[in-house]
Amino acid sequence: MKKLLLVKEIYLEGFRNLGHFIIEKYFKIFAWFSFVMFFIVLYAFVYRIATGFAFD
């Protein structure tokens, strides 16, 4: 739980006093898009391991 709160604080600190409203929204959307894409890749990797895919 402590690590999750630390990640949340880093996320909030990264967007504090960023500047223009549009730039702030763009980077927030890009960050969430990156998180989603990372978890999709992680899911695909775990699925391949679970189904016995041969990584040749």
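Me: What makes up the largest pocket, and how much space lies in it?
Reply: About 190 Å³ of space lies in the largest pocket of this predicted model. Its lining is made up of L4, V7, K8, Y11, W32 and F35.

Me: How do you know which helix gives the most to that lining?
Reply: Just count the residues: α1 comes out on top with four. Both α1 (2–15) and α2 (21–50) are in on it, though, as each supplies at least two residues of the lining.

Me: What else is there in the protein chain, in terms of helices and strands?
Reply: Two helices and zero strands, and that's the count for the protein chain.

Me: Why is V41 called exposed?
Reply: V41 has a relative accessible area of 55%, and exposed means over 50%. The value clears the cut-off, so V41 counts as exposed. As for where to look, V41 is found in helix α2.

Me: How far is V41 from V7, in sequence and in space?
Reply: V41 and V7 are 34 residues apart in sequence, and C-alpha to C-alpha they are 20 Å apart in space. V7 is one of the residues lining the largest pocket.

Me: And G19, why does that one count as exposed?
Reply: Same kind of reasoning. G19 has 53% relative accessibility, and the bar for exposed is over 50%, so G19 counts as exposed. You'll find G19 in the loop between α1 and α2. From there to G52 is 33 residues in sequence and 48 Å in space, C-alpha to C-alpha.

Me: How do you know how the protein chain compares with a compact globule?
Reply: Look at the radius of gyration: a compact globule of 56 residues would have one near 10 Å, whereas the protein chain has 16 Å. The protein chain is therefore above the value from the globule rule. Its C-alpha trace spans about 50 × 30 × 15 Å along the principal axes.

Me: What share of the residues is buried, and what does buried take?
Reply: Buried takes a relative accessible area under 20%, and 4% of the 56 residues in the protein chain make that cut. The accessible surface comes to about 5500 Å², with 75% of that belonging to carbon and sulfur atoms.

Me: What about the charges, how many of each sign are there?
Reply: The protein chain has 7 positive and 4 negative side chains, and the centres of the two sets lie 6 Å apart.

Terms used. Residues are numbered from 1 along each chain as its sequence is written. This is a predicted model: local features need pLDDT of at least 70, side-chain atom pairs count only at pLDDT 80 or more; totals for chains, interfaces and linings use all residues. Side-chain values use heavy atoms; hydrogens and water are left out. The radius of gyration is taken over C-alpha atoms; the globule rule is 2.2 Å times the number of residues to the power 0.38. Buried means under 20% relative accessible area, exposed over 50%, partly exposed in between (1.4 Å probe, protein chains only). Accessible areas come from the Shrake-Rupley method with a 1.4 Å probe; for residues, only the protein chains shown count as cover. Lys and Arg count as positive and Asp and Glu as negative; His and the chain ends are not counted. The place of a charge is taken as NZ of Lys, CZ of Arg, CG of Asp or CD of Glu. On a 1 Å grid over the protein atoms alone, a cavity is a set of points where a 1.4 Å probe fits but cannot get out, and a pocket is an open set with protein on both sides within 12 Å along at least five of seven lines; lining residues have an atom within 4 Å of a point. Grid points are joined across faces, edges and corners, and a volume is the space filled by probe spheres set on the points.
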